[in-house]
Each structure stands twice: as C-alpha cells, then as structure tokens.
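Subject: Structure handover

Hello,

Here is the structure I said I would pass on. My notes on it follow below.

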Amino acid sequence: MTAITIPEFITDPFFGLHDRWIETAPGEITHYHELGEGTPILFLHGSGTGVTAAANWWLNLPAISEHGRCIAIDSIGYGQSIVAEGTKYGIREWVRHAVRVLDALGIEKTWIVGNSLGGWLAFQFAIDFPERLLGIVSMGTGGAKLTGALAGHSNPTLTEEGIRKTLELFVVDKSLVTDELVALRYQSALNDTASDRLADVVAARDRDRQELPLDFDVLARLEIPVLLIHGVQDVVIPVSRTWELLNLIPHADAHIFSQCGHWSQVERAEDFNTVITRYLASHGVGH
C-alpha cells in the first residue's frame, strides 16, 4: 500500500486512548486504537449516533489488553475512518471492512468482541469468514426486530439534549450520562451529519435487518466458543435476543447483568471486564 496522510485528529483525552491509522483499501484509511499484545481481540462498536470505537470501549480496553492484543476500530461510515468515494454500507460491507483491517495488520485469526451492531457483525463474520475467527463475545446482539427505542435512536434530535435522551435509553443509572460525555457524543454526531453519512448507515443497517437477517441454520452449526452478554433492563434490544441465540448456538454461554441496560460495557464496566477476561482465559487467552 502507498504512504498515507494521517488526518489531523486527536481522540479527546477524556477517553485516554491513542490514535492509530492504517490504509485498508485504496482511498480507505481506518482509524483505530490498539493496546496490549498476544492473541488478537477485535472490538466492533454499535451504531448509535456519534458512536466511535473510543466512545464504546474506553472503559474496557485498558483492562482487557492485559490479556491480549486489543484492536478497536471505527467501522466505515463511523468515527474518523476515511472511506473511498462510492463506498457502500451494509452488514456484509462492514464485515469485509473488518477483514481488510485484519489483513492490513497481518492477523490471520481473531476473537471478536461486538456491541449491538458489532455483535450482529461478529455473527455475520462467523457465517462469511469462519476460518478467521477464534471466538465471539457479543453484547445486546443487533439484528433483532426493530423496537421503539431502536427506531428513536436511529433518528435522534441532534442537539445535546437530544443526544442525552438517546444515551439515557442505554442505561438504568442515568448519572452515567454526564455533561462531558454528552458533549463529546454531540460533537461526533455533528461529524456524522456533516457528511450526510448518518442517514446512509442507518438506512443500510435497517435495510439489512429485513433483507439479510442472520442465517440461523449456519449459526446452529457454529463450532467456535460464544459468550452472550445482556442487561435485563435493555430496552433497545430486549434480552429475549440473547435467549434466542443461546438456544440456537451449540457452544454458547450467557451472562445476564441485573440493573443494566444496553450499555453493559459502560454501566457494569468492571464486572464486564472481569466476565470477559475470565471467559477468554478459560479458552486459553492471556494469563
């Protein structure tokens, strides 16, 4: 690949993460964060307005990176990743982008930790590229039927108050939605809407919810380890989504958090990190 020009962007110090960039296709530069070494663990974020890898995983990467090589990417159409002209979005396009990241980094096989849309992508990845996967951890797995909360978070009021109301749908403890976090997500949302990409990625996601649901026949034959995580009070994607997958996937386990909504990696961050690192350790990852 050719030398790339690094964009003039620095992730806000609030998140405590350093920026990395890599050319993943002609005209495509992926923004990501990387911590730790050892077994690769690819982190795929959700689809909320103003979402980025940093905004999804800042409370998790430092702890989990003590056990493996954590790579958290901004999927195409989100965050600071730069896309080539004419880039199309959709479930398979986001999966292929993840594969391009792995290829560019020289990674043959990886674990995936996915949140919401990212969990949906993890399972589509398992369907399309099973030979590249070591295992999956998925929280509030996306791709389920559209809920009222999910529809609202697809079309939020683009003010700081509108962003606050959207984020408060994700948690039971509303005090976690601080003024600073709201301001950061709002600024990121302005980045999304300035290029009109928000409408494009939401339309692609909701199109594929109907046209490309997960192939349950394939998932019923999945041989890799799977951990499903869900908050009991998740109003964005009901916990029934995890029960559905748990009863389908042969080697799936589940961890259900009480007093927790859709943002388990934030609302129960310390417990979440412990659950994941213990699960990974039980499958030979880390110490």
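**Aromatic pairs**

Phenylalanine 15 and tryptophan 58 are both buried. Please keep in mind that this is a predicted model. The two rings form an edge-to-face aromatic pair, with 5.5 Å from centre to centre and 75° between the planes. This pair links distant parts of the chain, 43 residues apart. Phenylalanine 15 belongs to the segment before strand 1 (20–25), while tryptophan 58 sits in the loop between helix 1 (53–57) and helix 2 (61–64). Together with Phe14, Phe15 and Trp58 make up one aromatic cluster. The structure holds nine aromatic pairs.

A further pair is made by tyrosine 89 and tryptophan 94, whose ring centres are 6.5 Å apart. Their planes meet at 20°, which is under 30 degrees, so this pair counts as stacked. Tyrosine 89 and tryptophan 94 are buried.

**Tryptophan 94**

Tryptophan 94 is part of helix 3. Its relative accessible area is 1%, and because buried means under 20%, the residue falls in that class. Beyond its neighbours within four places in sequence, tryptophan 94 is in contact with Ser75, Ile76, Tyr78, Tyr89, Leu117, Leu121, Val201, Ala204 and Arg205. The side chain of tryptophan 94 also reaches the backbone oxygen of isoleucine 76, at 2.8 Å. For a reference distance, the C-alpha atoms of tryptophan 94 and leucine 214 are 14 Å apart, with these positions 120 residues apart along the chain.

**Helix 3 against helix 4**

Helix 3 covers residues 91–105 and helix 4 covers residues 117–128. Their axes come within 9 Å and cross at roughly 75°. That angle lies in the range of 65 to 115 degrees, so helix 3 is roughly perpendicular to helix 4.

On the helix 3 side, the contact involves Ile91, Arg92, Trp94, Val95, Ala98, Val99 and Leu102. On the helix 4 side, the residues are Leu117, Trp120, Leu121, Gln124, Phe125 and Asp128. By type, the residues of this contact divide into ten nonpolar, one polar and two charged. Trp94 thus appears in the helix contact as well as in the stacked pair with tyrosine 89.

**Asparagine 115**

Is asparagine 115 buried or exposed? Its relative accessibility is 3%, so asparagine 115 counts as buried. This residue is found in strand 5, which spans residues 110–115. The side chain of asparagine 115 makes a polar contact of 2.9 Å with the side chain of asparagine 56. Asn56 is also listed among the residues in contact with asparagine 115 once neighbours within four places in sequence are left aside. The others in that list are Leu44, His45, Gly46, Trp57, Met139, His262 and Gln265.

**Threonine 87**

Threonine 87 lies in the loop between strand 4 (69–73) and helix 3. At 23% relative accessibility, threonine 87 counts as partly exposed, because the buried class is under 20% and the exposed class over 50%. A polar atom of the threonine 87 side chain lies 2.6 Å from the backbone oxygen of alanine 84. The C-alpha atoms of threonine 87 and glycine 77 are separated by 8.9 Å, and the two residues are ten residues apart along the chain.

Regards

Technical notes: Residues numbered from 1 in each chain as written. Predicted model: local features only at pLDDT ≥ 70, side-chain atom pairs only at ≥ 80, totals over all residues. Heavy atoms only, no water. Axes fitted to C-alpha atoms, helices over the stretch in contact; angles between N-to-C directions. Helix = DSSP H or I, 4+ residues; strand = E, 2+ residues; numbered from the N terminus. Parallel < 35°, antiparallel > 145°, perpendicular 65-115°, else oblique. Contact = heavy atoms within 4.5 Å. Nonpolar A, V, L, I, M, F, W, Y, C, P; charged D, E, K, R; others polar. Buried < 20%, exposed > 50% of the residue type's maximum accessible area, 1.4 Å probe, protein only. Polar contact = N/O pair within 3.5 Å; in protein donor to acceptor, adjacent residues only side chain to side chain. Phe/Tyr/Trp six-rings, centres within 6.5 Å; stacked < 30°, edge-to-face > 60°.
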